[in-house]
Amino acid sequence: QLAVFRRRKVGLVYQFYNLIPTLNVRKNILLPILLDGEKPDEARFDRIVTALGLSDRLNHYPRELSGGQKQKVALAGILHNNVKILLFDEPLAALDPAMGMAAVDLIDQVYRAQDKTVVIIEHRLEDVLYRHVDRIVLMHEGRILMDTTPDELLSSDILKENGIREPLYISALKHTGLHFSKKEHLEDIEELDYEKYKVPLQQAFHNVKIERREPEGETLLDVRNVDFFYGEHQVLKNVSFSVHRGERISVVGKNGAGKSTIARLVCGIIRPKNGEVQLKGQNYMKMSIRDIGRMVGYVMQNPNQMIVKDMIRDEVELAMKLNGFTEGVEERSEEVIKMCGLYAMRNWPVSVLSYGQKKRITIASILILKPELIILDEPTAGQDYKHYTEIMNFLEGLNRDYNITILFITHDMHLAIEYTDRSIVFADGECIADGPVYSVLSNEDIIRRANLKKTSLVTLAEHAGLNPENFIYNFIETERKARQNG
């Protein structure tokens, strides 16, 4: 009875959610209400599923949904449940940027209309601040460091000092050298005093000529006019793009747009119905998955879904042994373990590792076969900014020092801006854009079609009278220089 009482008072959406596989979307959403013996509120149900873009998925089962779509179902279930306190643990982690905004909007509407108490545990602070919050509680190692208003928190340097990412527009403003008072409405980009910031922003990020960098390496991957179907449903439509050696590319777009499907297709797990995929000029239809795996490595979002051995060394060496290598295994495993910064732990059990360290193990287990291209699915999901920065700096080093080509499948626009040079954008199974990050993320038509969001850098540039594309380019260069010097 106590458990039921608590469920009726407090609703919790976990970061790593589970849906009942034998129930369709509608029944998964209604399950908490039905367990309590209550009658569903159809009007509220319709409003929630419409806001989250689930109206056409109600008869689908979890196996037919992307990770982001599953998270929407979990979110809808708790929003439909009539509880007083709503707790959200990383509710935006698997949602595309526009749907993240819709989720924050919906949470805000429920809070205002139904007199709810809402607690959101989230690393994506800028996305949460899309709507008003009363307080921000900053925690570190089990202690509360600050419990204050958003304005006071953002005006200080405490976020960076404790490994938390600042909103992009706050970082840009701080590059001007300005100091903030505690009453500048920093939490709302539309309420900033632009008369104060306009000239310093123009001086700090003046319109310099963009240096377009064309890829110089050989073509590793060439996808030509590819179509793919799951049954009768077409998932990829006439997709074409190329990847050159040494590139760092972000693959972005709405949930269910085909990003993970193209990753599985490139790895040879599935093959195109029409079109062609070439690896170093060779049609890969003549190649086995094992042959492709020696050229292309795929690192899944959750490392626990990849790790099968108890000991670190055994896990890293597994791929070579499965591929029939009998010589040089130990030497190669030591080499990649050193590359991944795990040499001191090489004889440890996997169970003692942190989430980020497990992520490195999965990367090491891919690197051991010396792939020339690595695809990483949401490499920073579920990690705070400190661990995010560690893993991304590590991957940046692999690209820089070993010329390993990397594709990031991500919803994180910060990641795309900070760590990639080029973005390939998907929407409804089509590749709708392919170009420099600063160009793609300042194009409002692409942003709208791909369920991305207009970044705060674009808004800041527009208010300051700067060209958004040039502004983002200059911001990227400034951040990268600061990171290299830091």
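## A nonpolar patch on the surface

In this predicted model, the residues Val137, Met139 and Ile144 make a nonpolar surface patch of about 290 Å². One of these residues, Val137, lies in strand 4, which covers residues 136–140. The relative accessible area of Val137 is 39%, and because buried means under 20% and exposed means over 50%, Val137 is described as partly exposed.

## An open sheet of four strands

Four strands form an open sheet in the order 7-6-9-10, and their pairing is antiparallel. The edges of this sheet are strand 7, which spans residues 233–244, and strand 10, which spans residues 282–283, and each of these edge strands pairs on one side only.

Strand 9, made of residues 274–279, runs antiparallel to strand 10 and is joined to strand 10 by two bridges. Where strand 10 meets Leu279, the bridge partner of Leu279 is Gln282.

## Helix 16 and the residue after it

Helix 16 runs over residues 385–402 and has 18 residues. From its first C-alpha to its last, helix 16 reaches 25 Å, which is close to the 26 Å expected at 1.5 Å a residue.

The buried residues of helix 16 include Tyr388, Ile391, Met392, Phe394, Leu395 and Leu398, and also among them are Thr389, Glu396, Gly397 and Asn399. The helix is followed by Asn403, a residue whose phi is positive, near 55°.

## Cysteines without disulfides

How many disulfides does the structure contain? The count comes to zero, and two cysteines can serve to illustrate the result. Cys267 is in no disulfide, and the nearest cysteine sulfur, which belongs to Cys431, is 17 Å away, whereas a disulfide would need the two sulfur atoms to be within 2.5 Å. Cys267 counts as buried, with a relative accessibility of 8%.

Cys340 is likewise in no disulfide, since a pair of sulfur atoms must be within 2.5 Å and the nearest cysteine sulfur, that of Cys267, is 18 Å away. With a relative accessibility of 0%, Cys340 also counts as buried.

## Salt bridges between parts of the chain

Side chains of opposite charge can pair when their charged atoms come close. The structure holds 29 salt bridges, and one of them is formed by Arg26 with Glu42, where the closest N and O atoms are 3.0 Å apart. Arg26 lies in helix 2 (residues 25–35) and Glu42 lies in helix 3 (residues 42–51), so this pair ties together parts that are 16 residues apart in sequence. Arg26 counts as partly exposed at 28% relative accessibility, and Glu42, with a relative accessible area of 37%, is partly exposed as well.

Another salt bridge brings together the side chains of Lys174 and Asp157, at 3.1 Å from N to O. Lys174 is in helix 9 (residues 168–174), while Asp157 is in the loop between helix 7 (150–155) and helix 8 (158–161), and the pair thereby links distant parts of the chain, 17 residues apart. At 44% relative accessibility, Asp157 counts as partly exposed. The side chain of Lys174 also meets that of Glu166 in a salt bridge, at 2.5 Å from N to O, and both Lys174 and Glu166 are buried. Elsewhere, Glu218, Arg245, Lys280 and Glu372 are joined into one network by salt bridges that share partners.

Technical notes
Residues numbered from 1 in each chain as written. Predicted model: local features only at pLDDT ≥ 70, side-chain atom pairs only at ≥ 80, totals over all residues. Heavy atoms only, no water. Pairing = 2+ DSSP bridges. Expected span 1.5 Å × (residues − 1). Buried < 20%, exposed > 50% of the residue type's maximum accessible area, 1.4 Å probe, protein only. Patch = residues over 30% accessible without salt bridge, like charges linked within 9 Å, V, L, I, M, F, W, Y side chains within 5 Å. Areas by Shrake-Rupley, 256 points an atom, 1.4 Å probe, with all protein chains shown as cover. Salt bridge = Lys/Arg side-chain N within 4 Å of Asp/Glu carboxyl O.
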